[in-house]
Amino acid sequence: MTNFVIRRMEPPYDFTEIAPLLNMIWSEPTTAEQLKTDEESIPPGKLHYNANGQLEGWDRPKWVAEDADGHVLAYAIAWRAPWTDPGALICSLIVDPKHRGKGVGNAIFAALLAWATEVKASRLISFMRETDETSLAFAARRGCMQERHTFESVLELDAFDGGQLLDTIAQVERNGIHFVTLADEPGEESERQLHELYRVTHQDIPGFSEGFPWFEEWKKWNIDRPGARPAWIHIAKDGDRYVGVVTLQQNEQTQAMYHDYTGVLPEYRGRRIALALKLLGIQTARRHGVPYLRTHNDSLNGPMLHINRQLLGFRAEPGQYKMVLELPK
């Protein structure tokens with residue numbers, strides 16, 4: 001039996017041992033320094049309740065399981081942003097594989113659940129790899145149900161040959177659309193127009209049901225964060241109007257890029273604008289010597305899956321299940 005205690009995480013000191021745990025479940029690796037930077041970007045929690053008594057606001061308490069020698073055996077977090085669905089908490093729980101089956105996971109989950117009950121949350125949401133049978137079984141035993149399936153895809157850029165597909169960019173331009181980057185049109189006016197484009201196109205993502213961040217918060221995580229550059233945000237324009245976007249973010253450790261977002265206004269879909277934007281993103285990544293692009297798609301987003309897998313040749317990777325636990329009222 002492993003001797004351990006459950007305690008609240010102490011940032012930034014615990015990040016050194018938490019980063020390796022997160023790297024067991026995240027598609028792209030992180031570092032203690034990146035976790036610290038992200039933590040410092042988030043203000044202290046401020047929860048409240050709406051007129052229906054549902055949990056709102058934001059917070060992100062974290063717990064660790066620590067052994068007698070001070071080593072972190074497990075990590076858990078329950079968080080919500082101001083735009084998260086009322087009542088919901090997003091949760092992650094990781095136990096070092098060497099210490100599974102010894103009660104560590106049960107204990108740290110109990111601490112998380114106690115806090116969720118205290119703040120009157122109505123549901124816990126977790127995302128788990130489809131190949132992680134141990135974690136999925138752990139969740140199922142506690143009453144979690146699978147709600148959605150998200151696919152991961154990777155494009156090896158050394159082997160990419162766009163061929164005639166690259167003609168799509170010129171074809172779209174001949175139909176009156178032109179392409180710029182945010183570096184070509186810097187400033188708050190462009191950023192606010194881009195924020196509105198994100199807001200409108202997010203509503204059509206399968207499974208998206210939350211609110212949307214206000215401008216300053218959106219800018220913090222999409223334009224100003226490490227790994228993002230204005231030159232890596234490709235924009236499709238019809239005259240002065242922003243009608244489509246593709247954004248890339250780079251991981252310092254792997255030098256790979258994450259194909260973070262693709263969006264085209266509803267009235268401009270079916271004109272191959274998304275494909276042209278994705279091809280521009282691929283060209284940017286190749287110019288910077290990026291080894292591969294990674295992206296994700298909801299299983300119900302057929303048009304984007306077709307572009308990524310059938311047209312561009314992204315390789316299928318194990319995806320994630322959205323697991324939901326409804327809490328008693």
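**A walk around a pocket, a sheet and two helices**

Hi everyone, let's begin with a space: the second largest pocket holds about 250 Å³. A pocket here is an open set of points on a 1 Å grid over the protein atoms alone, where a 1.4 Å probe fits and protein lies on both sides within 12 Å along at least five of seven lines. Its volume is the space filled by probe spheres set on those points, which are joined across faces, edges and corners.

A quick note on the source: this is a predicted model, where local features need pLDDT of at least 70 and side-chain atom pairs count only at pLDDT 80 or more, while totals for chains, interfaces and linings use all residues. Residues are numbered from 1 along each chain as its sequence is written, and side-chain values use heavy atoms, with hydrogens and water left out.

Back to the pocket. Which residues lie nearest its centre? They are Lys120, Ala121, Ser122, Pro328 and Lys329, out of 13 that line the second largest pocket; a lining residue has an atom within 4 Å of a point. The lining divides into five nonpolar, six polar and two charged residues. Nonpolar means Ala, Val, Leu, Ile, Met, Phe, Trp, Tyr, Cys or Pro, charged means Asp, Glu, Lys or Arg, and the others, Gly among them, are polar.

Lys120 deserves another look. This residue is not a glycine, yet has a positive phi of about 65°, and sits in the loop between helix 3 (104–118) and strand 7 (123–129). Helices (H or I, at least four residues) and strands (E, at least two) are DSSP runs, numbered from the N terminus.

Now the sheet. It is open, with 12 strands in the order 1-4-5-6-7-14-8-13-12-11-10-9 and mixed pairing. Its edges are strand 1 (4–8) and strand 9 (178–181), each paired on one side only. Two strands pair if DSSP finds at least two bridges between them.

At one edge, strand 1 pairs with strand 4 (residues 62–67) in the antiparallel sense over five bridges, and Val5 has Glu66 as its bridge partner. At the other edge, strand 9 and strand 10 (residues 228–238) run antiparallel, joined by four bridges; Thr181 is partnered there by His234. Strand 10 is also antiparallel to strand 11 (residues 241–250), through seven bridges. Their hairpin has two residues between the strands, and Gly239 takes a positive phi near 65°.

On to the helices. Following strand 1 we reach Pro12, in the loop before helix 1, and the peptide bond from Pro11 to Pro12 is cis, with omega near 0°.

How do helix 1 (15–22) and helix 2 (residues 32–40) pack? Their angle is about 105°, with the axes 8 Å apart. That makes helix 1 roughly perpendicular to helix 2, a label for angles of 65 to 115 degrees. Axes are lines fitted to C-alpha atoms, for helices over the stretch in contact, and angles run from 0 to 180 degrees between N-to-C directions. Among the residues that meet are Phe15 and Leu22 in helix 1 and Leu35 and Glu39 in helix 2, where contact means heavy atoms within 4.5 Å. By class, this contact has six nonpolar, one polar and two charged residues.

Conventions: Angles under 35 degrees count as roughly parallel, over 145 as roughly antiparallel, 65 to 115 as roughly perpendicular and the rest as oblique.
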